[in-house]
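Let us ask how each label on this model is earned. Each answer sets a value against its cut-off.

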Amino acid sequence: MGIKGLTKLLHEHAPRCYKEQAIDSLFGRKIAIDASMAIYQFLIAVRQGADQLTDSSGHTTSHIAGMFYRTIKLMEAGVKPVYVFDGKPPEFKSGELLKRREKAAEAQAELKKATEAGDAELIEKMAKRTVRATKQDTEDVIKLLELMGVPVVRAESEAEATCAAMNKDGLVYGVGTEDMDALTFGSVRQIRHLHKSDSQKLPIVEITLSFALEEMGITMEQFIDICILCGCDYTDSIRGIGPKKAFEHIKKYKNIETMLKYLDKTKYPIPEGSFNYEMARKLFVEPEITPRADIEGKLKWKPPDEEALTKWMVEEKGFAPERVASGIARIKKSKSKGSQGRLDSFFKVTSSMPKRKPEMQKGKKGK
């Protein structure tokens, strides 16, 4: 789910943190990508399309094709992707996951009615709500990426938390995901639209956390409290307090504890027993992550295993041999391109902002 309304809030109060750019601007960059979000996007696209690729057993393979070609496109742009997969969800997220399953069941019933009625618009809307990646979907994608020579990390818990830790540790340039809670976990940079289709013609969006905090005039701790009040996966929210109110209250009271002392409880009733903001805060500040030592050795982009990849995709998954061969050729070509370094990698960056030169006094010549 991410953080409700955070995108709009940042656009209004911290527009400088957003930067639109072409995919080529990420040439030579290592990007940690939330794999579950990428798979979800491809599964949605499958539901919306009429033609679905399947293997000999009838299992859908369209998401494998989507991940195959989209990853190749990233590599052709010089991006070095590393995919991070979710581990066991935090215990406090179980309530949110239960809600999602209930909503999915309701959507499935609505989808059946819409299909019987021939309501195309409602079919598309409900189909999105019923999409879920199975364990087999995930394992297939992991095998695909490993055969392609792309690094894979299995997170201890939330993939985005491990992605953010990798970013803070300097292992990657940014975190590729659509979910805004990547910033709440402390990602230095969030990269959006990496897996959007070409038909949507969306630019790559880079969101810089430090710029957001600076423009909003808040600390990281306050940013986390705002995100909790907006609505996150780990706790219920206070009815009547959305992103705008959350920002106003934290700017005024500095934290949730002080805000609650002065909050009109009749106007903004606090959910009894389910507003666990302290636990949510702890999960954002101290999430369970994969240790750096277990990740560093995996960040190696290898040549594709041509024979094994061809055999698996063609014989087991039913892909056309010529298309797989073409894809492998593109991977090999992108590898040679990706071996070139970025120009800025040859220089030491001493500051993110250039220092202004002191103005010369009038009447005196500079040296």
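Q: Why is helix 10 (residues 220-230) called largely enclosed by the rest of the structure?
A: This is a predicted model, where local features need pLDDT of at least 70, side-chain atom pairs count only at pLDDT 80 or more, and totals for chains, interfaces and linings use all residues. Residues are numbered from 1 along each chain as its sequence is written, and side-chain values use heavy atoms, with hydrogens and water left out. Buried means under 20% relative accessible area, exposed over 50%, and partly exposed in between (1.4 Å probe, protein chains only). In helix 10, 9 of the 11 residues are buried, so the helix is largely enclosed.

Q: Which residues of helix 10 are the buried ones?
A: They are Gln-222, Phe-223, Ile-224, Asp-225, Ile-226, Cys-227, Ile-228, Leu-229 and Cys-230.

Q: What covers them?
A: The cover includes helix 1, helix 8 (181-184), helix 9 (209-216), helix 11, helix 12 and helix 13 (277-285). Just after helix 10, Gly-231 has a positive phi of about 125 degrees.

Q: What makes a stretch a helix or a strand here?
A: Both are DSSP runs, numbered from the N terminus: helices are H or I with at least four residues, strands are E with at least two. On that basis the protein chain has 16 helices and 7 strands.

Q: Why is Thr-71 called buried?
A: Its relative accessibility is 0%, so Thr-71 counts as buried. Thr-71 sits in helix 3 (residues 62-76).

Q: Which residues does Thr-71 touch, leaving out those up to four places away in sequence?
A: Contact means heavy atoms within 4.5 Å. Thr-71 touches Pro-81, Tyr-83, Leu-145, Met-148 and Val-150.

Q: What makes Glu-178 and Arg-192 a salt bridge?
A: The rule asks for a side-chain nitrogen of Lys or Arg within 4 Å of a carboxyl oxygen of Asp or Glu. In this pair the closest N and O atoms are 3.5 Å apart. Glu-178 lies in the loop between strand 5 (174-176) and helix 8, and Arg-192 in strand 6, so the bridge ties together parts that are 14 residues apart in sequence.

Q: Are Glu-178 and Arg-192 buried or exposed?
A: Glu-178 has 13% relative accessibility and therefore counts as buried. Arg-192 has a relative accessible area of 14%, so Arg-192 is buried.

Q: What else does Arg-192 touch, not counting residues up to four places away in sequence?
A: Its contacts include Thr-7, Thr-177, Met-180, Pro-203 and Ile-204. Arg-192 and Glu-20 are 172 residues apart in sequence and 9.7 Å apart in space, C-alpha to C-alpha.

Q: How do you know that Glu-214 and Arg-16 form a salt bridge?
A: Their closest N and O atoms are 3.3 Å apart. The pair links distant parts of the chain: Glu-214 is in helix 9, Arg-16 is in the loop between helix 1 and strand 1 (18-21), and they are 198 residues apart.

Q: Why do Glu-214 and Arg-16 get different accessibility labels?
A: Glu-214 has a relative accessible area of 55%, so Glu-214 is exposed. Arg-16 has 36%, so Arg-16 is partly exposed.

Q: How many salt bridges does a search of the whole structure find?
A: It finds 10. Asp-225, Glu-257 and Arg-281 are linked in a network of salt bridges. Glu-139 and Arg-154 form another salt bridge, with the closest N and O atoms 3.2 Å apart.

Q: What is notable in the phi of His-193?
A: His-193 has a positive phi of about 75 degrees although it is not a glycine. His-193 lies in the loop between strand 6 (189-192) and strand 7 (204-208). The relative accessible area of His-193 is 17%, so His-193 is buried.

Q: Where is Lys-254, and why is Lys-254 called partly exposed?
A: Lys-254 is in the loop between helix 11 (243-253) and helix 12 (256-262). Its relative accessible area is 46%, so Lys-254 is partly exposed. The phi of Lys-254 is near 80 degrees, a positive value in a residue other than glycine.

Q: Why is Lys-8 called exposed?
A: Lys-8 has 58% relative accessibility and so counts as exposed. Lys-8 is in helix 1 (residues 6-13).
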